[in-house]
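Here are my notes on the model you sent, set out as numbered points. Please read them with the structure open beside you.

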Amino acid sequence: MPSSVIKLPLKLRLLFAVYKFILNLSRRQNGTVNRRLINFFDLKNPPSKTPRNGVVSSDTVIEASRNLWFRLYTPDTTVNGGRRLPVIVYFHGGGFALSSPSSFAFDDWCRQLVRELRAAVVSVNYRLAPENRFPTQYEDGFDALKFLDDNVDKLPVNVDQKLCFVAGDSAGGNLAHHVAVKAGEYEFSRLKLMGLIAIQPFFGGEERTESEIRNFGGPLLSLEDTDWYWKAFLPNGSDRDHPAANVFGPKSTVDISRVKYPATLILMGGLDILKDWQRKYYDGLKKAGKEVDLLEDPNAFHGSYVFKELPGSAFFVKGIHDFMQKHLNKENC
């Protein structure tokens with residue numbers, strides 16, 4: 001469905017038009033990015049040790065040489081009362097090429113998750129494409145998990161590493177999947193993965209699906225955009241059936257049925273261009289014998305969940321809350 005058909009408040013229509021204009025100026029046809037320009041318009045929020053709406057945040061460097069760091073969000077102790085907190089290790093979206101934990105949309109979104117889920121959030125800054133292609137982002141994400149496992153002092157004492165969920169939106173949802181696969185082959189000392197939360201994850205393939213054709217001109221993500229992001233991220237000469245993109249496709253190299261893989265929640269939008277690929281991901285996990293839930297908001301388009309003005313945001317947050325509570329209750333039994 002073209003974006004002109006989706007009814008949006010005037011404020012969001014103007015915001016999306018400006019966003020797409022800047023994006024198109026910043027992304028070059030040869031697959032490179034005008035990083036200076038995109039960074040200039042990427043409005044950022046600083047960390048805040050003073051509570052903002054009940055949430056405090058701070059930044060921790062994992063490895064400065066590759067700009068690997070995370071922003072930790074926790075509820076204000078006066079609000080939380082010191083109870084044991086689960087932790088969500090979060091990977092932001094942006095087609096592997098854009099944004100950071102400090103980007104205002106993702107900073108606000110992570111603060112919302114902390115407030116409404118009563119959890120800590122570790123939002124990871126990973127290296128971006130096309131300057132850093134596959135598998136750089138997956139390596140950074142997995143190294144962030146290992147850092148949290150090895151450095152218990154980097155988290156508040158009431159944050160429990162044994163109650164850990166990995167999560168991400170769009171490209172971050174793809175990243176969360178591949179990090180979970182790596183984690184399934186690794187023995188952590190303290191950290192335990194209880195679940196994976198994939199918010200409109202970015203998967204693809206050479207096939208053109210019905211949702212890609214029907215929703216080709218989404219407000220925030222078009223078919224042209226997805227092709228550009230895959231070209232910028234995947235190894236030179238690869239097509240979209242690369243296993244990073246098409247995880248259950250003809251070139252898949254991992255048998256998920258043999259991997260220790262966490263229970264998974266997939267959040268899907270009915271107007272998302274990626275909807276059919278997300279459904280294929282769900283079907284692939286089911287076929288592999290994994291525990292997986294699928295929630296769909298029929299009116300959601302790609303990225304709409306970060307805008308609290310839209311009703312789908314509350315639907316997604318409630319779905320995440322219920323999924324986490326189900327598995328936290330199992331842990332406490």
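The points below take up the annotated domain, one helix pair and the salt bridges.

1. Please keep in mind throughout that this is a predicted model, and that the values quoted here are computed from it.

2. The UniProt record, an unreviewed entry, carries the annotation "domain: Alpha/beta hydrolase fold-3" for residues 88–304. Over that stretch the chain is 33% helix and 19% strand, and the C-alpha atoms at its two ends lie 21 Å apart.

3. Helix α4, formed by residues 104–117, and helix α10, formed by residues 312–332, have axes that come within 11 Å of each other and cross at roughly 50°. Because of that angle, α4 counts as oblique to α10, and the crossing in which α4 passes α10 is right-handed.

4. Which residues make the contact between α4 and α10? From α4 come Trp 109, Gln 112, Leu 113, Glu 116 and Leu 117, and these meet Ser 313, Val 317, Ile 320, His 321 and Met 324 of α10. Sorted by character, the residues of this contact comprise six nonpolar, three polar and one charged.

5. With a salt bridge taken as a side-chain nitrogen of Lys or Arg within 4 Å of a carboxyl oxygen of Asp or Glu, the count comes to 27 salt bridges. One of them joins Glu 309 to Lys 11, with the closest N and O atoms 3.7 Å apart. Since Glu 309 sits in the loop between β8 (292–297) and α10, while Lys 11 belongs to helix α1 (residues 10–26), this pair ties together parts that are 298 residues apart in sequence.

Terms used. Residues are numbered from 1 along each chain as its sequence is written. This is a predicted model: local features need pLDDT of at least 70, side-chain atom pairs count only at pLDDT 80 or more; totals for chains, interfaces and linings use all residues. Side-chain values use heavy atoms; hydrogens and water are left out. Axes are lines fitted to C-alpha atoms, for helices over the stretch in contact, and angles run from 0 to 180 degrees between N-to-C directions. Helices (H or I, at least four residues) and strands (E, at least two) are DSSP runs, numbered from the N terminus. Angles under 35 degrees count as roughly parallel, over 145 as roughly antiparallel, 65 to 115 as roughly perpendicular and the rest as oblique. A crossing is left-handed if the near helix is turned anticlockwise from the far one by less than a right angle, and right-handed if clockwise. Contact means heavy atoms within 4.5 Å. Ala, Val, Leu, Ile, Met, Phe, Trp, Tyr, Cys and Pro count as nonpolar, Asp, Glu, Lys and Arg as charged, and the others, Gly among them, as polar. UniProt positions are given in the numbering used here, feature names are shortened, and annotations may be inferred rather than shown by experiment.
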